[in-house]
Amino acid sequence: MKRCSRKLRKKREREREKERHAVEAVMAEVFYWILTFALILTLLCILGYQLILLVDLEFDYINPYDSTSRINQVILAEFIIQGIFCFTNLLAGHWFIFLVAIPCLYYNVRLYIKREHLADVTEIYNNLNWEKKKRLFKVAHLVLLFILSILSLVWTLTEDEH
């Protein structure tokens, strides 16, 4: 009788342990998705802000000094958030999203190393179209990452049920 109850207790403990690990895994995955979406949306907001400043400059609603100083204030934050996004995907094991995000991170790191990441007040009018195109490309890249993240989330949720 005691032997049976010990076996049952051990079996129940193992089942509880498995359930606890499953719940922890699901919570880690939920935290990953929330963090991923928050990072992507933050990057989209930063790039949208920069685009608005460039359009305002193009239509002479703002002077070049104010525009470039405001853009330069958020450039480093954009680069850091992009790095955190890539590092998060690397740690979480979402290789495809990580590999799609790497080229933009590489471009940002290359700009930073060459000291070409800041907008120049004296050259902003000459480079206005290039600066806008660069940011629009980054926005398109982030929208692609957002769509891939949503598809990956749906795939993960449906995979667990089957």
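Is Tyr32 buried or exposed? Tyr32 is buried, because its relative accessible area is 5%. That residue opens these notes on a predicted model.

1. Aromatic pair at Tyr32. In this model there are five aromatic pairs. One of them joins Tyr32 and Trp33, with ring centres 4.7 Å apart. Their planes stand at 65 degrees, so the pair counts as edge-to-face. Trp33 also has a relative accessible area of 5%, so Trp33 is buried.

2. Aromatic cluster. Tyr32 and Trp33 belong to one aromatic cluster. Phe37 and Phe146 complete that cluster.

3. An exposed aromatic pair. Phe59 and Tyr61 form a tilted pair. Their ring centres lie 6.3 Å apart, and 40 degrees separate the planes. Both Phe59 and Tyr61 are exposed.

4. Asp60. This residue sits in the loop between α1 (2-58) and α2 (64-92). Its phi is near 60 degrees, a positive value in a residue other than glycine. Asp60 has 59% relative accessibility, and the cut-off for exposed is over 50%, so Asp60 counts as exposed.

5. Arg115. The loop between α3 and α4 holds Arg115. Here too phi is positive, at about 60 degrees, although Arg115 is not a glycine. With 63% relative accessibility, Arg115 counts as exposed.

6. Largest nonpolar core. This core has 22 residues. Ile81, Phe85, Cys86, Ile97, Ala101, Leu142 and Leu145 touch the most other members. Two or more residues come from each of α1, α2, α3 and α4. The largest share, nine residues, is from α1. In soluble globular proteins, nonpolar side chains tend to be buried together.

7. Leu142. Take this core member for a closer look. Leaving aside residues up to four places away in sequence, Leu142 touches Ile40, Leu43, Leu44, Leu47 and Gln82.

8. Second core. Returning to the largest core, α1 gives nine residues, its largest share. A second, separate core has ten residues. Among them are Leu54, Ile62, Ile75 and Ala119.

9. Largest pocket. About 210 Å³ of space lies in this pocket. Twelve residues line it, and the closest to its centre are Gly93, His94, Ser152, Trp155 and Thr156. Two elements, α3 (95-113) and α4 (128-161), give two or more residues to the lining. The largest share, six residues, comes from α4. By class, the lining holds five nonpolar, four polar and three charged residues.

10. Second largest pocket. Its volume is about 160 Å³. The lining is made up of Pro103, Cys104, Tyr107, Trp130, Lys133, Lys134, Phe137, Lys138 and His141. Both α3 and α4 supply at least two of these residues. Here α4 gives the largest share, six residues. Five lining residues are nonpolar, one is polar and three are charged.

11. What to look at again. In the largest pocket, α4 supplies the largest share of the lining. In the second largest pocket, α4 again supplies the largest share. In the largest nonpolar core, the largest share is from α1. For the loops, start with Asp60 between α1 and α2, then turn to Arg115 between α3 and α4.

Notes. Residues are numbered from 1 along each chain as its sequence is written. This is a predicted model: local features need pLDDT of at least 70, side-chain atom pairs count only at pLDDT 80 or more; totals for chains, interfaces and linings use all residues. Side-chain values use heavy atoms; hydrogens and water are left out. On a 1 Å grid over the protein atoms alone, a cavity is a set of points where a 1.4 Å probe fits but cannot get out, and a pocket is an open set with protein on both sides within 12 Å along at least five of seven lines; lining residues have an atom within 4 Å of a point. Grid points are joined across faces, edges and corners, and a volume is the space filled by probe spheres set on the points. Helices (H or I, at least four residues) and strands (E, at least two) are DSSP runs, numbered from the N terminus. Ala, Val, Leu, Ile, Met, Phe, Trp, Tyr, Cys and Pro count as nonpolar, Asp, Glu, Lys and Arg as charged, and the others, Gly among them, as polar. Buried means under 20% relative accessible area, exposed over 50%, partly exposed in between (1.4 Å probe, protein chains only). A nonpolar core is a set of buried Ala, Val, Leu, Ile, Met, Phe, Trp, Tyr and Cys residues joined through side-chain atoms within 4.5 Å. Contact means heavy atoms within 4.5 Å. Rings of Phe, Tyr and Trp (its six-membered ring) pair if their centres lie within 6.5 Å; planes under 30 degrees apart count as stacked, over 60 as edge-to-face and the rest as tilted.
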